[in-house]
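Biologist: I have a chain I would like to understand before going back to the bench. Could you take me through it and explain the words you use as we go?

Modeller: Gladly; here it is.

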Amino acid sequence: MSNTNEMQEQWTEMVEEMNDAVADSLEQNMKAQAAFVESWAEAVEDSVPEEDAMAEGIQGYNRAYEVWMDAAEQMFERTTDAAQGEDVAPSEYRDIWLQSANEAFKEVMSTSAFAAANGQLVERMMEMRREADDVSQETISQLGFPTRDDMDEVGERLVELERRQHEVEEKLDRILDHLEE
């Protein structure tokens, strides 16, 4: 009888551990979804796309959400299988989440709203780079060093001098040819 109680306790303990694992998994899923939504919201925060693009963006998010929910369902099913004695490798859980994350990001990143937000981000980064370049060129100039514009001017002058030299050499060659005749 004590053996039966011990087996019952072990079973109860295993089920509790599985329930805790499922609860932790669902909590991590919700955190991942929240982080995903937050990053997506930041990506489109300052943009106000057209209504069609916005609708497409929302549809992309909805498809991504469905992917996350399918992953949660798969996790629950595999946890149930493990609780019923099936040998479930821990890598299966990881693979479910990695595959789901890839699919969810693909759903969102393929929308025109994401493309528009990404375009705005790149545009802002280019503006910041231009501003940083302007500041660095001004600083270099104030320190008495040649700036990029100065070097470009020197390069243009060198090219022009080479062109002129080539013309002079051609004229000299024609004069020498004429004198030899």
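Biologist: Which element has the lowest mean pLDDT, and which has the highest?

Modeller: This is a predicted model, and helix 1 has the lowest mean pLDDT, 74, whereas helix 5 (residues 148–180) has the highest, 94. For the protein, the mean pLDDT is 81, and 87% of the residues reach 70 or more. Where pLDDT is low, the predicted coordinates should not be read in detail.

Biologist: Thanks, I will keep that in mind. What elements make up the protein?

Modeller: There are 5 helices and 0 strands. Read from the N terminus, the order is α-α-α-α-α.

Biologist: Why is Gln28 called exposed?

Modeller: Exposed takes a relative accessible area over 50%. Gln28 has 55%, so the residue counts as exposed. Gln28 sits in helix 1, which covers residues 2–43. From Gln28 to Ala72 is 44 residues in sequence, and their C-alpha atoms are 10.0 Å apart in space.

Biologist: And why is Asp70 called partly exposed?

Modeller: Partly exposed covers what falls between the 20% and 50% limits. Asp70 has 45% relative accessibility, so the middle label applies. Asp70 belongs to helix 2, and its C-alpha atom is 9.5 Å from that of Ile96, 26 residues away along the chain.

Biologist: Why does Arg78 count as buried?

Modeller: The buried label needs a relative accessible area under 20%. Arg78 comes to 17%, so the label holds. Arg78 lies in helix 2, residues 51–83. With neighbours up to four places away in sequence set aside, Arg78 contacts Glu86, Asp87, Val88, Glu92, Tyr93 and Ile96.

Biologist: Which residues does Tyr93 touch beyond four places in sequence?

Modeller: Tyr93 touches Arg78, along with Met75, Thr79, Ala82 and Val88.

Biologist: How many aromatic pairs are there?

Modeller: The count is 1. That pair is formed by Trp68 and Trp97.

Biologist: What makes Trp68 and Trp97 a pair, and why is the pair called tilted?

Modeller: Two tests settle that. Ring centres must lie within 6.5 Å, and those of Trp68 and Trp97 are 5.7 Å apart. Planes under 30 degrees apart would be stacked and over 60 edge-to-face; at 35° the planes meet neither condition, so the pair is tilted.

Biologist: What does the pair tie together?

Modeller: Trp68 is in helix 2 and Trp97 in helix 3 (residues 90–109), so the pair links parts 29 residues apart in sequence.

Biologist: Are the two tryptophans buried or exposed?

Modeller: Trp68 has 6% relative accessibility, under the 20% limit, so Trp68 is buried. Trp97 has 18%, also under that limit, and is therefore buried.

Biologist: Which residues touch the most other members of the largest nonpolar core?

Modeller: Of its 16 residues, these are Trp68, Met75, Ala82, Tyr93, Trp97 and Ala104. Helix 2 and helix 3 each supply at least two residues of this core, and helix 2 gives the largest share, 8 residues.

Biologist: How do you know that the span of helix 4 agrees with what a helix should have?

Modeller: Helix 4 has 31 residues, from 112 to 142, and at 1.5 Å a residue should span 45 Å. The expected value uses one less than the number of residues. The end C-alpha atoms of helix 4 are 45 Å apart, so the two values agree.

Biologist: Which buried residues can you name in helix 4?

Modeller: Ala113, Ala117 and Gln137 are buried there. Just after helix 4, Gly144 has a positive phi of about 90°.

Biologist: Why is Thr147 called buried?

Modeller: Thr147 is at 9% relative accessibility, under the 20% cut-off, so Thr147 counts as buried. Thr147 lies in the loop between helix 4 and helix 5. Apart from neighbours within four places in sequence, Thr147 contacts Gln137, Ile140 and Ser141.

Biologist: How much of the protein is buried?

Modeller: Buried residues make up 20% of the 181 residues. The accessible surface is about 13900 Å², and 54% of that belongs to carbon and sulfur atoms. Among contacts with a separation of 6 or more, 71% join residues 24 or more positions apart.

Note on methods: Residues numbered from 1 in each chain as written. Predicted model: local features only at pLDDT ≥ 70, side-chain atom pairs only at ≥ 80, totals over all residues. Heavy atoms only, no water. Helix = DSSP H or I, 4+ residues; strand = E, 2+ residues; numbered from the N terminus. Buried < 20%, exposed > 50% of the residue type's maximum accessible area, 1.4 Å probe, protein only. Contact = heavy atoms within 4.5 Å. Phe/Tyr/Trp six-rings, centres within 6.5 Å; stacked < 30°, edge-to-face > 60°. pLDDT = per-residue confidence, 0-100. Core = buried A, V, L, I, M, F, W, Y, C linked by side-chain atoms within 4.5 Å. Areas by Shrake-Rupley, 256 points an atom, 1.4 Å probe, with all protein chains shown as cover.
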